Amino acid sequence: MTTSIPDRGDDALSIRPAERADLLAVVRIENASFSQPWPYDAFERFLGEPGFLVAVKGDTEVVGYVISDVSSTYGRELGHVKDIAVHPEQRGDGIGSALLSRSIAVLAARGADSIKLEVRRTNDGAKRLYREFGFEPLRRVPDYYEDDEDAIIMIRKLE
């Protein structure tokens with residue numbers, strides 16, 4: 001299923017499940033976005049999963065992605081947003097919000113009763129976005145990232 005998102009420019013934005021042909025663009029966005037990017041094969045493992053979505057401008061330009069899944073923990077279904085990024089030149093246009101919104105819907109449809117994610121302590125823009133979607137800081141994890149930066153675990157309960 002593909003969802004179209006209203007766009008201010010000429011190219012309409014749509015969100016759809018990731019395909020093998022999207023992987024190089026996804027990895028390029030990952031490398032441009034993070035100092036410790038996931039390798040190609042990490043993305044390859046999520047192909048075919050409902051929570052691996054891409055944002056596409058026009059017909060072919062992948063401009064962002066999200067990876068999320070649901071796991072059973074102590075009898076509860078916990079959604080986990082594992083990775084989300086928007087191409088640096090495309091940020092500020094609502095693409096991250098559109099991806100996160102669709103991801104939350106996918107996780108809810110798969111039975112999640114809450115969703116967690118990790119964010120760098122210093123990533124104020126991402127923390128602001130997550131708070132807009134109802135995520136609350138749960139705890140800090142010291143030295144979570146390879147460069148020893150702390151992570152903030154954020155959680156959102158679903159109704």
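Helices and strands in this tour are DSSP runs, a helix having at least four residues and a strand at least two, and they are numbered from the N terminus. The model on the screen is a predicted one, which is worth keeping in mind at each stop.

**The whole chain**

Begin with the full protein in a cartoon view, where four helices and eight strands can be picked out. If you follow the chain along its sequence, these elements come in the pattern β-β-α-α-β-β-β-α-β-α-β-β. The radius of gyration is 15 Å, close to the 15 Å that the globule rule gives for 159 residues, so the protein is as compact as a globular protein of that length. Turned onto its principal axes, the C-alpha trace spans about 40 × 35 × 30 Å.

Now switch on a surface, which exposes about 8,800 Å², with carbon and sulfur atoms supplying 47% of that area. Of the 159 residues, 45% count as buried. Among the contacts between residues at least 6 apart in sequence, 59% join residues at least 24 apart. If you colour by charge, you will find 21 positive and 28 negative charges, whose mean positions are 4 Å apart.

**The annotated domain**

Next select residues 13-159, the range at which an unreviewed UniProt entry places the feature "domain: N-acetyltransferase". Over this range the chain is 27% helix and 37% strand, and the C-alpha atoms at its two ends are 28 Å apart.

**Strand 2 and the loop after it**

Select R16, which has its place in strand 2. With a relative accessibility of 14%, R16 counts as buried, because buried means under 20%. To see how far it lies from a residue much later in the chain, draw a distance from R16 to I155: the two are 139 residues apart along the chain, and their C-alpha atoms are separated by 25 Å.

Move on to E19, in the loop between strand 2 (13-17) and helix 1 (23-33). E19 is partly exposed, with a relative accessible area of 43%. A distance drawn from E19 to E44, 25 residues apart along the chain, gives a C-alpha separation of 9.4 Å.

**The loop that meets it**

Which residues does L47 touch, once those up to four places away in sequence are set aside? Select L47 in the loop between helix 2 (40-44) and strand 3 (52-57), and show the side chains around it: L47 touches A18, E19, R20, L23 and F52. One of these, A18, is 29 residues from L47 along the chain, yet the C-alpha atoms of the two are separated by 6.6 Å.

**Two residues with positive phi**

Go now to Y74, in the loop between strand 4 (61-73) and strand 5 (76-86). Although Y74 is not a glycine, its phi is positive, at about 50 degrees. The relative accessibility of Y74 is 82%, and it therefore counts as exposed, the cut-off for that class being over 50%.

The next selection is D143, in the loop between strand 7 (136-141) and strand 8 (151-157). D143 also is not a glycine and has a positive phi, of about 55 degrees. At 47% relative accessibility, D143 counts as partly exposed.

**The last stop, E149**

Stay in the loop between strand 7 and strand 8, and select E149, which is found there. Is E149 buried or exposed? Its relative accessible area is 14%, so E149 is buried.

Show the surroundings of E149 and, leaving aside its neighbours within four places in sequence, you will find it in contact with R120, R121, T122, D143 and Y144. D143, the residue with the positive phi of about 55 degrees, is thus met again here as one of the contacts of E149. To finish, draw a distance from E149 to R120: these residues are 29 apart along the chain, and their C-alpha atoms are separated by 6.9 Å.

Methods. Residues are numbered from 1 along each chain as its sequence is written. This is a predicted model: local features need pLDDT of at least 70, side-chain atom pairs count only at pLDDT 80 or more; totals for chains, interfaces and linings use all residues. Side-chain values use heavy atoms; hydrogens and water are left out. The radius of gyration is taken over C-alpha atoms; the globule rule is 2.2 Å times the number of residues to the power 0.38. Buried means under 20% relative accessible area, exposed over 50%, partly exposed in between (1.4 Å probe, protein chains only). Contact means heavy atoms within 4.5 Å. Accessible areas come from the Shrake-Rupley method with a 1.4 Å probe; for residues, only the protein chains shown count as cover. Lys and Arg count as positive and Asp and Glu as negative; His and the chain ends are not counted. The place of a charge is taken as NZ of Lys, CZ of Arg, CG of Asp or CD of Glu. UniProt positions are given in the numbering used here, feature names are shortened, and annotations may be inferred rather than shown by experiment.
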